[in-house]
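Got the viewer open? Let's take a walk through the model, one selection at a time.

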Amino acid sequence: MMTFVGKRILHLIPVLLGISILVFFLLHLIPGDPAMTLLGQEATPEEINRLREVLGLNEPLYIQLLVFLKNLALGDLGTSIFQDVSVLSLILTHLPATLELATLALLIALLIAIPLGIVSAVKQFSWVDYVSMFFAQLGVSMPVFWLGVLLIIGFSVNLNIFPSFGRGEPLVESILMTIQSGNLFYIIDSLKHLILPALTLGVMSAAIITRMVRSSMLEILNEDYVRTAEAKGVRSFWIIMKHAFRNALIPVITIVGLQFGNLMGGAIVTETVFGWPGIGRLIITAISQRDFPVVQGCVLAIALLFAFINLIVDILYAVINPKIKSN
Amino acid sequence: MEYNTEIINQTEIEIVNKKEPGRVRKFFSFISNSKSVLIGGVIVLIIIICALFAPVISTHDPYEMQMSDRLLEPMEKGHLLGTDHYGRDLFSRIVYGARVSLKVGMVSVSLSLLIGVILGLVAGYYGGWLDSIIMRIVDIVLSFPVLLLAIALVAALGPGIENVIIALGLVYWTNYARIVRANVMSLKEEEFIQAARTIGSNDFRIIFFNILPNCLAPIIVVGTLGIGIAIVAEATLSFLGLGIQPPESSWGWTLAFGMKFIRDAPHLSIYPGLAIMITVLGFNLLGDGVRDLTDSKLKRK
Amino acid sequence: MKKRNIFSKWLLCLGLLVLIVVAGCSYEDPESESAGSNSDQNEGEEAGSDNSTSNSKSSSNSVANKINVGLDVDAGTMDPRLSRDTSAKRVVEIVYDGLIRLNANLEPQPSLATDWENPDATTWIFTLREGVTFHDGEPFTAEDVKYTFDTILDPDFKAPYASLYKPIDSVEVIDETHVQFNLKEPYAPLLTYLDVGIIPKHVAEKGDSLSSNPIGTGPYKMIEWKKNSKITFEANKEYWGGEPTTGKIVYNIIPDNTTRVAALESGDIDFVHSPLSPQDISRIKANKDFKVVETQGLGFTYLNFNTEHEILSDVKVRQGIAHLINKEVISEDIYQNMDKPGKSPLIPASWAYSDEITGFEFDKEKAKKLFADAGWTDTNNDGVLDKNGKNLSITLSTHSEDPNRIQIVEYLQNVFTNNGIETEVLTNEWPTFSTSLMEGNFDIGLVGWLNLVGPDRSMYNQFHSESGSNYGGYDNARVDELLEEGRRVLDQSKRTEIYQEAAQIVTEEVAYDVLLYQGYIAMYNKDLQGFDIHPTGSLYGLKDAKITK
């Protein structure tokens, strides 16, 4: 296991290097630079040029790249040009918010998808099956921002059940506060803020996972041993739970891992609609301000997270399915 | 959006492992599959007809502004779906929008296919260091949130439909490369390929005449699904202000702008949103159905 | 099977445990008024750990001691010398005081300076307010004023608005309460620009960053900044202008316009201010639960003509195009009257404004005639005007962040095309768009100017041939001369004449076509009282506002 993990980490190095270089050139390809956006409309060309000098933007591109890579190697992600704080601290304040949102979205997705997928596999070609497959198709064909705004209008403005924007206390902190004070307000407030954005973000994953659960369940239900068990007269519910679902879980876990990575991307839109202070918004804002260090740092952080989650998925995979280990 | 590209690949692998289903089940699944092909096909056909015959189908000039008739409700003053914020006929705009949205979907997928298939073929067939490099590139692109990469590309290329298409094409190719590579690697060892090699066919011939035709089925399926993804992605880019340029108008652009009026004129966002949903649904049903059909055919062989 | 039984037992136990824990809990909003004895009891034992959240109770029951404001973007640096974005400005407005503060008629009012005089045209002496302290308890002195302006003028400090203060030669401390500004030349607009927040020298010199920890003398002190989420302020009880009526102000960052207004409607926030979507305004106006107040803002939205462009360098073509623009339609239909039709670069809020100076009325025939005079006619009947075999073709560009501007551009494209001008539209992100403006790489750009506190601010940088913000390369010797004179002369009535003449010329020659005078709108909870909207968009007035239930 250790060598496996070690190998994966070694593999990661060229990928991260590639990402850094790709992002670097992409950013410098985009017209406009931070000196201009920082100084605003009324700045004179001399003032802009002076700031460019200070920021090192007048150096040849390859020098800038080398400086960036050198700092990166030293573990220094740089300082935000706009906010005047270290990129690392920005990532540390924004990433947890996105993780929290993505985790809950995934949880919601699983809560919808697993029962729906199982039922529609067991009752294949019934109306339940058709309804859930229709939902699964719908979920992937709906633009996220549309769903988000509809939810806000429905649940915040008309029904006034959930807040329309923003984040409560961080969920972990709110749980601690609740335990400490015995006041449920904290945790409920955090959850109330989470629910609409998490639902918005989770629906598409729910749709995808539903399809996955259904197809892998169907497959297993057709396996000989399940049929044998059925023939032996074992109650069908237990067949489903014991044999089928456990085995169906393997491809589902892979998908869940991949979904988690992709939820990070979907967070960009969700966070914009709901004013969620996560890393997606941080990146979008940084791109529009040409705050190069922030964009570079955030992209690297996300890439690392991707790699980390995929590693966990692979380990889980090996744990659930011992056959893989021996291979 | 970018999410479901992953699953497609995954289900693809699943399907390869699929066991022969029972006879009765096979019959039912055949019916159901052809049903989804049927429904999906009809939807896609209707959309294509809309795009081709837009001037005939539309009731008004989609570009003509009539500021006095802003934001009319559906059916008002002879406007089937009402008017937009310039008093332009929404129905006609959606009909014409089919052209742009289909173009975005189809051309960007073709571009992704071109990149993905070639790289996948090369990686799978030659293996070795070429394979390593190509797969590392795939890894790099995959570790970005796809949407983010598209945003950066559109920002770099500038706005406009061509650039949106290029950006989407440049970010969605990784799946095709992976699927093709996996297929090529298994095909490579098949007898008929070995035979072709002993006859003395060159690599080019083998790749394009022996291997490629044999992995067309999954490519077509995933490509079909990809069209839907691209259409939704274009809408998202429009929402973030990185879409096409007026006066051209895709459904995504109409939807994104309609969102600004969602409280007072919800029809402006509901109808283009429905158009996107139905079209994506059509392509997905078609893709799923075709996959299951070709899959069972392959298995029967 | 056995395994499962054990599992379900565990589940049962866990469920019971959760139930017990939940039953022992209360549910109280620690910030709400009615959070009475119950939560006090619960928190009493851990008072030490929970101080910050539970002790912020208001004194009176009928007044909500907090105002929730919705802002569109997070603030950048909050150092008043460096800040440029509107959100940072909104922070600076309530955390800092300048030497002066502009009133609703844009006249300088005493703030940290109680009085000022001009012994001669290049000397200004300010008497400072005594007994003022910064939020950290240190007294405010003349040294702080000198330090603030010295750093702004220091080229290495890269202050974005340094050019506004360029005519200042030096700032001298006369004594504790008097500072003297020595100018290189007479500079009439100076006083209006002295509303920049005075920063504490002792903090800045220690090297502490004021960009995320602002310390001023203003009515509110910032207590917490959650990036991209919210900024919280607490009333400065020692404020020299009297203690603010509301204990806490929270700026909530809600980027999406639709969501921001939805948050107001759902009661999550109490107050929103422009920028807003015009289409939301009429709906909120119709809703009895909210108040909508409007004022003329300090900005205009205009078409910047590139006078060095081969087609647009002909003034007749520019005038023809100006005749094709129906500003009433833009104002009414696109902006729902939020912004009013514009006339000249002098805004109505300014003392130099004149109703007489107007641009060109909407008249297609006059436009056609002007184009014909310039040699542009449709010789080949393809619907596009041409001259020497070349089509009259232009590109209209703007930035993609503002949906209203995209709407203007799309509308104008339609009108221009219908009147024989081949028109392309280009909407780029702001940094890309502004790069093309600065490089002169555009035909007609749709842009805006903000914070036009005086005619100098709305004309000198824009039309002087040597100025950096004169994107269109406009060059008129008479205008240069007038703009320079306007800075030298101190007499306001004379300056009025000067700026009106300059405005007349640039409008006549269509260097700019000012489409709209920007309006400011604040929409708030009807229970919020005491807020006065300000043409600069300042939220300083919130210090006198309160929410009574």
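Select chains B and C together: 20 residues of chain C are in contact with 21 residues of chain B, where contact means that the C-beta atoms, placed from the backbone, lie within 7 Å. On the chain C side, α8 (278–286), α10 (327–334), α12 (403–418) and β18 (422–428) each supply at least two residues. Helices here are DSSP runs of H or I with at least four residues, strands are E runs of at least two, and both are numbered from the N terminus. The largest share, 6 residues, comes from α12(C).

A word on what you're looking at: this is a predicted model, where local features need pLDDT of at least 70 and side-chain atom pairs count only at pLDDT 80 or more, while totals for chains, interfaces and linings use all residues. Residues are numbered from 1 along each chain as its sequence is written, and chains are lettered from A and ligands numbered from 1 in the order in which they are written.

Now swap chain B for chain A. This contact takes 51 residues from chain C and 50 residues from chain A. Color α2 (37–44), α3 (47–54), β11 (248–253), α7 (257–265) and α13 (430–438) of chain C, which each give two or more residues to the side touching chain A. Which helix gives the most? That's α13(C), with 6 residues.

Stay in chain A and pick residues 185–221, helix α9. A straight helix of 37 residues would span 54 Å (1.5 Å times one less than its number of residues), but α9(A) spans only 45 Å between its end C-alpha atoms. Zoom in on Gly202(A): a kink of about 40 degrees is centred there, the bend being the angle between axes fitted to the seven residues ending at a residue and the seven starting there. Of the 37 residues in α9(A), 32 are buried, meaning that 20 or more other C-beta atoms, placed from the backbone, lie within 10 Å of a residue's own.

Last stop: strand β6 of chain C, residues 123–128. Show the side chains and watch them alternate: Trp124(C), Phe126(C) and Leu128(C) point to one face and are buried, while Thr123(C), Ile125(C) and Thr127(C) point to the other and are not. Add β5 (residues 113–120), which pairs with β6(C) in the antiparallel sense over 5 bridges; strands pair if DSSP finds at least two bridges between them. These two form a hairpin with 2 residues between them. Finally, add β8 (residues 178–183), another antiparallel partner of β6(C), and find Phe181(C) opposite Trp124(C).

Definitions and conventions:
Two residues are in contact if their C-beta atoms, placed from the backbone, lie within 7 Å. A residue is buried if 20 or more other C-beta atoms lie within 10 Å of its own, exposed if 12 or fewer, and partly exposed in between; C-beta atoms are placed from the backbone.
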